[in-house]
Amino acid sequence: MKYTVLFFLSAALALSAQELTPRISEDLASLLSAEHAAAVLRHEKALGKAFDRALYRQEAARILRSGQELPDPQKSACPEAAEFANNVLHFYEGDVDPELLLSKTDQMLQRGDWGSHAFEQEMQQLRFRLRRDYLPLLRVREQQREKNLLAANALRDGVTVLPNGIQYEVEPGSDSIRDITRGTSESGILFFTRVTNDMRFESLPACLRDVADSLPRGRSWVIYIPGPLLTQEAEAARRQAAEDQQRREAKLRSLLGSVPPPPPPAPAPRAASTPVPLLKLRLWKDDPDHPVDVLPDTHTDAL
């Protein structure tokens with residue numbers, strides 16, 4: 001079970017990263033403690049006396065205080081508590097004080113206002129502050145992971161780097177990338193999503209289609225598209241859509257004849273584009289005689 005407390009927070013963000021402050025750390029501990037306490041109360045409601053609250057807390061505390069993820073949480077004395085602690089250590093990288101989190105969890109368990117309007121408002125305010133102050137920092141960390149991965153990947157045997165920054169490796173074969181019918185899409189690194197589905201050449205990012213003639217024939221291709229390249233493409237698409245809308249409106253006004261154009265809108269400050277994460281694609285032409293093994297779909301709903 002994944003604990004994804006921050007992830008109703010994926011609205012547009014200010015992208016200027018901030019340093020971790022005591023306030024951010026306390027807010028994060030507060031929100032995680034609510035998630036932790038909610039799990040305890042949920043188990044107590046479902047299992048009654050069969051649930052051991054002390055053991056749950058003890059196992060989570062042991063792992064959090066160690067600062068090290070438990071390699072196999074299913075072998076823990078309390079697997080779900082171990083997975084909760086693992087997720088805190090994995091995703092928040094030392095940003096949470098274990099003692100503060102445990103103390104706040106104990107306080108949460110004593111509260112009698114769960115589900116009240118005041119409680120929901122409190123949680124909403126926590127999420128707002130973390131969306132504003134903490135998620136930009138997580139994004140910057142993820143961007144650095146992407147840079148590190150691409151730099152290391154470029155040095156591997158079999159990886160080719162194209163002039164626009166796209167990296168690829170090819171499995172020997174005779175197919176053209178223009179004939180693909182299936183693909184696995186992976187985005188992000190720590191905050192990671194993987195999906196396998198039908199895929200056509202026409203649905204690939206334009207930055208990849210533009211360099212298709214540079215790719216050799218093969219059985220399958222693994223493509224790494226840097227996030228900044230995709231961000232630039234998304235911004236270009238946004239600008240093009242705005243220009244198309246303006247042209248349609250101008251054409252409509254000319255057809256209507258007497259309708260004057262609306263006054264130009266007041267210029268608004270441009271918000272920074274939300275960075276698109278690194279995209280890794282594995283592409284192939286599906287062939288029942290030569291099936292391709294794929295990993296299961298997964299989604300870490302973090303950013």
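Start with the whole chain on screen: of the contacts between residues at least 6 apart in sequence, 74% join residues at least 24 apart. Keep in mind that this is a predicted model.

Colour by secondary structure next, and you should find 8 helices and 7 strands. Switch to a surface view: the accessible surface of the chain is about 17,200 Å², with 54% of that belonging to carbon and sulfur atoms. Of the 303 residues, 39% count as buried.

Now select residues 22-47 and 53-66, which are helices α1 and α2. Their axes sit 11 Å apart and the helices pack at an angle of about 150°. Since angles over 145 degrees count as roughly antiparallel, that makes α1 roughly antiparallel to α2. Look at the handedness too: this crossing is right-handed.

Which residues in α1 and α2 meet? Show side chains for H36, A39, V40, L41, H43 and E44 on the α1 side, then add R53, Y56 and A60 from α2. Coloured by class, this contact shows 5 nonpolar, 2 polar and 2 charged residues.

Last stop: pick L126, which you'll find in helix α5, residues 117-133. Is L126 buried or exposed? Its relative accessibility is 4%, so L126 counts as buried. Leave out the neighbours within four places in sequence, and L126 is in contact with D27, S30 and L31. To finish, draw a distance between the C-alpha atoms of L126 and E26: these two are 100 residues apart along the chain, and the separation comes out at 9.8 Å.

Definitions and conventions:
Residues are numbered from 1 along each chain as its sequence is written. This is a predicted model: local features need pLDDT of at least 70, side-chain atom pairs count only at pLDDT 80 or more; totals for chains, interfaces and linings use all residues. Side-chain values use heavy atoms; hydrogens and water are left out. Helices (H or I, at least four residues) and strands (E, at least two) are DSSP runs, numbered from the N terminus. Buried means under 20% relative accessible area, exposed over 50%, partly exposed in between (1.4 Å probe, protein chains only). Contact means heavy atoms within 4.5 Å. Accessible areas come from the Shrake-Rupley method with a 1.4 Å probe; for residues, only the protein chains shown count as cover. Axes are lines fitted to C-alpha atoms, for helices over the stretch in contact, and angles run from 0 to 180 degrees between N-to-C directions. Angles under 35 degrees count as roughly parallel, over 145 as roughly antiparallel, 65 to 115 as roughly perpendicular and the rest as oblique. A crossing is left-handed if the near helix is turned anticlockwise from the far one by less than a right angle, and right-handed if clockwise. Ala, Val, Leu, Ile, Met, Phe, Trp, Tyr, Cys and Pro count as nonpolar, Asp, Glu, Lys and Arg as charged, and the others, Gly among them, as polar.
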